[in-house]
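Open the model in your viewer and keep the selection tool at hand. This tour goes stop by stop.

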Amino acid sequence: MKKLFAIVGAALALVAGSASAQENKFFAGPTVGAGFGGGPTLGLNGGYEFHKYGRVEATYDHMFMTSSWNMDMLGMNLIGQIPTGTFVTPYVAAALGHKNKATLDFDFWLAEVGVKANLGDASVRYGFRRRTALNNTTTNAYDTNEQTLAFGYSLTKTDAISIAYKKERNNDGVSSEYN
């Protein structure tokens, strides 16, 4: 998995380097979250944005669940937006990651398609995500489809808040809803 991250990272760096310098920027910062069905989440997010429509990023999240177990997730994401000349922007995303949760420890992939509408400092996003473990024999319950409806508001040029409603269904037909 480490070799795969290195190969994908090098390829994305080459693509990012092809954009003009004034349209490119590095970003990094902490992430803080809370959700139903889980405890508070603290993490780090950093990466490179190019042509303002593409982004490669690395993420780390630690979710505090209960006194008996917590969850860690490490991922590498590639996100591309399709410029339309309107306030509505379709997007695609792909990611590779590693999840460690209680007795589960596995690598995963995901793909997402969606649309985002920018309304001044506010935004609305709807996406459909498919994710599964790379070794699906031991982690079959992670094979899920997820729909997300999110609302965001930019506080400054670098800070924003958002809230999301997510509904996921795994291959066993179990459905969960959370914010």
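A salt bridge here is a side-chain nitrogen of Lys or Arg within 4 Å of a carboxyl oxygen of Asp or Glu. Keep that cut-off in mind for the charged stops. The model is predicted.

**Stop 1: the charged network.** Select E112, R125, R129, R131 and E146. Salt bridges link these residues in a network. Now centre on R129. This arginine is in strand 7 (residues 122-133) and is partly exposed, at 21% relative accessibility. Its side chain meets that of E112 in a salt bridge, 2.9 Å from N to O. E112 belongs to strand 6 (residues 104-119), so the pair ties together parts 17 residues apart in sequence. E112 is buried, with a relative accessible area of 7%.

Turn to the other partner, E146. R129 and E146 form a salt bridge at 3.9 Å, N to O. E146 lies in strand 8, so this pair too joins parts that are 17 residues apart in sequence. E146 is buried because its relative accessible area is 2%, under the 20% limit.

**Stop 2: another bridge.** The structure holds six salt bridges. For one of them, select E49 and K25: their closest N and O atoms are 3.8 Å apart. E49 sits in strand 2 (residues 41-50) and K25 in strand 1 (residues 25-33), with their positions 24 residues apart in the chain. Is each partner buried or partly exposed? E49 is buried, at 18% relative accessible area. K25 is partly exposed, at 45%.

**Stop 3: a nonpolar patch.** Select V115, Y126, L149, F151, I163 and Y165. Together they make a nonpolar surface patch of about 520 Å². Strand 8 (144-154) and strand 9 (160-170) each give two or more residues to the patch. Pick out Y165, in strand 9. This tyrosine is partly exposed, with a relative accessible area of 36%.

**Stop 4: N77.** Go to strand 4 (residues 70-81), where N77 is placed. N77 counts as buried, at 16% relative accessibility. Which residues does N77 contact, leaving aside neighbours within four places in sequence? Show R55, V56, E57, T59, A94 and A95.

**Stop 5: the whole chain.** Zoom out and colour by secondary structure. The protein chain has one helix and ten strands. From the N terminus, the helix comes ahead of the strands: α-β-β-β-β-β-β-β-β-β-β. Of the 179 residues, 29% are buried. Switch on the surface: the accessible area is about 11100 Å², and carbon and sulfur atoms account for 62% of it.

Notes: Residues are numbered from 1 along each chain as its sequence is written. This is a predicted model: local features need pLDDT of at least 70, side-chain atom pairs count only at pLDDT 80 or more; totals for chains, interfaces and linings use all residues. Side-chain values use heavy atoms; hydrogens and water are left out. Helices (H or I, at least four residues) and strands (E, at least two) are DSSP runs, numbered from the N terminus. Buried means under 20% relative accessible area, exposed over 50%, partly exposed in between (1.4 Å probe, protein chains only). Contact means heavy atoms within 4.5 Å. Accessible areas come from the Shrake-Rupley method with a 1.4 Å probe; for residues, only the protein chains shown count as cover. Patches are made of residues with over 30% relative accessible area and no salt bridge: like charges are joined within 9 Å, nonpolar side chains (Val, Leu, Ile, Met, Phe, Trp, Tyr) within 5 Å.
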